[in-house]
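Colleague: Could you take me through this model and the reasoning behind its labels?
Modeller: Gladly, let's look at it together.

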Amino acid sequence: MNKEKILEAGKIASQVKEYTRTFIKKDMPLLEIAEKIEDKIKKLGGEFAFPTNLSINDIAAHYTPSYDDKTLAHGLLKVDLGVHVNGWIADTAFSLDLENDEENKKLIEASEKALENAIKISKQGITLNKIGKTIQETIESYGASPIVNLSGHEMKKYELHAGVTVPNFNNKKEIILEKGLYAIEPFATFGNGKVHDGKPSGIYMLIDEKNVRSPIAREILNYIIEKYKTLPFCSRWIVKKFGTKALFGLNQLEENQNLHHFPQLVETSHSKVSQAENTILIKDNEVVVTTE
Ligand code: CO
């Protein structure tokens, strides 16, 4: 692991997060928000670890604006952003209440407190179910539920989801937390506490470099291999580079199983969801929160 690059990515992510809090207002186009965030990441010297997720209300995750998106910010908005430096990732998220709504505020407090408590007990040698238990108990103390089928994750170079998952509930699995880089991300809801697959998100990831026949698809595939490697990217970025003809190429790459297309993740009872996330580096009995 490259501690220096990990800390650099974390610092950029934390600065972008602070900047984002200053400009998001209700009714601002999500497209404009995503572009401001991504411009800032570039300006600070970072690369994108994944497309900026701007998920509203019952969409828990995996909403990123399309190139022609008209959605305006409202409700309970989750901002989940990722930066990498030489493949070393910082993954962080926060939620905003754009309605001055008591329920939204409570859910936001629940996921933030759960994150804080989980990080407090995180150290090399602890079992992952203890972190999950802390997250679950904290969120339940607000009368809410954690989303049990979303979890935090280990990260490796150019791999956003690698190795172990960090549960958001007590899954009774006594897996030991070892040295490494981890994202902890509690989600809170007053609903069922589960998500299912929604519409296609326009977020993709390379799964196979095998040949594809159409020239435009092949051109896009080569670009993805070079530019994003095994990190997620979105159709908006590909349209920016190749124009709208790229949408046809992306469909072909999906059909040919070069790409995985992620679905949006929606709370099963259509209840609102909040999220808080930070990245932690565990190294030689020292724990560093890289993204705050
Ligand atoms: Co994450």
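**The cobalt site and its surroundings**

Modeller: Along the chain, the donors of the cobalt ion are spaced as D-x61-H-x31-E-x91-E. The model is predicted, so local features need pLDDT of at least 70 and side-chain atom pairs pLDDT 80 or more, while totals for chains, interfaces and linings use all residues. Residues are numbered from 1 along each chain as its sequence is written, and side-chain values use heavy atoms, without hydrogens or water.

Colleague: What makes E185 and E277 a link between distant parts of the chain?
Modeller: E185 sits in the loop between β8 (180-184) and β9 (187-189), and E277 in the loop between β13 (273-275) and β14 (278-283), so the pair ties together parts that are 92 residues apart in sequence. Helices (H or I, at least four residues) and strands (E, at least two) are DSSP runs, numbered from the N terminus.

Colleague: Which protein atoms are the donors of the cobalt ion?
Modeller: They are D91 (OD), H153 (NE2), E185 (OE) and E277 (OE), at 2.0 to 2.4 Å from the ion. Donors are N, O and S atoms within 2.8 Å of the metal (3.2 Å for Na, K and Ca), and sites may look incomplete because water is not among the atoms.

Colleague: Why is the arrangement called irregular?
Modeller: The angles between the four donor atoms run from 82 to 169 degrees. Four donors are tetrahedral if all angles lie between 85 and 135 degrees; four are square planar and six octahedral if opposite donors are over 155 degrees apart and all others between 65 and 115; anything else is irregular. The arrangement is therefore irregular.

Colleague: Why do E185 and E277 count as buried?
Modeller: Buried means under 20% relative accessible area, exposed over 50%, and partly exposed in between (1.4 Å probe, protein chains only). E185 has 6% and E277 has 0%, so both are buried.

Colleague: What makes β1 largely enclosed?
Modeller: Nine of the 10 residues in strand β1 (residues 47-56) are buried, so the rest of the structure largely encloses this strand.

Colleague: And the loop residues, why is N57 called buried and K229 partly exposed?
Modeller: N57 is in the loop between β1 and β2 (59-61), and its relative accessibility of 19% makes it buried. K229, in the loop between α5 (215-227) and β11 (233-234), has a relative accessible area of 34%, so it is partly exposed. N57 has a positive phi of about 50 degrees although it is not a glycine, and K229 likewise has a positive phi of about 50 degrees.
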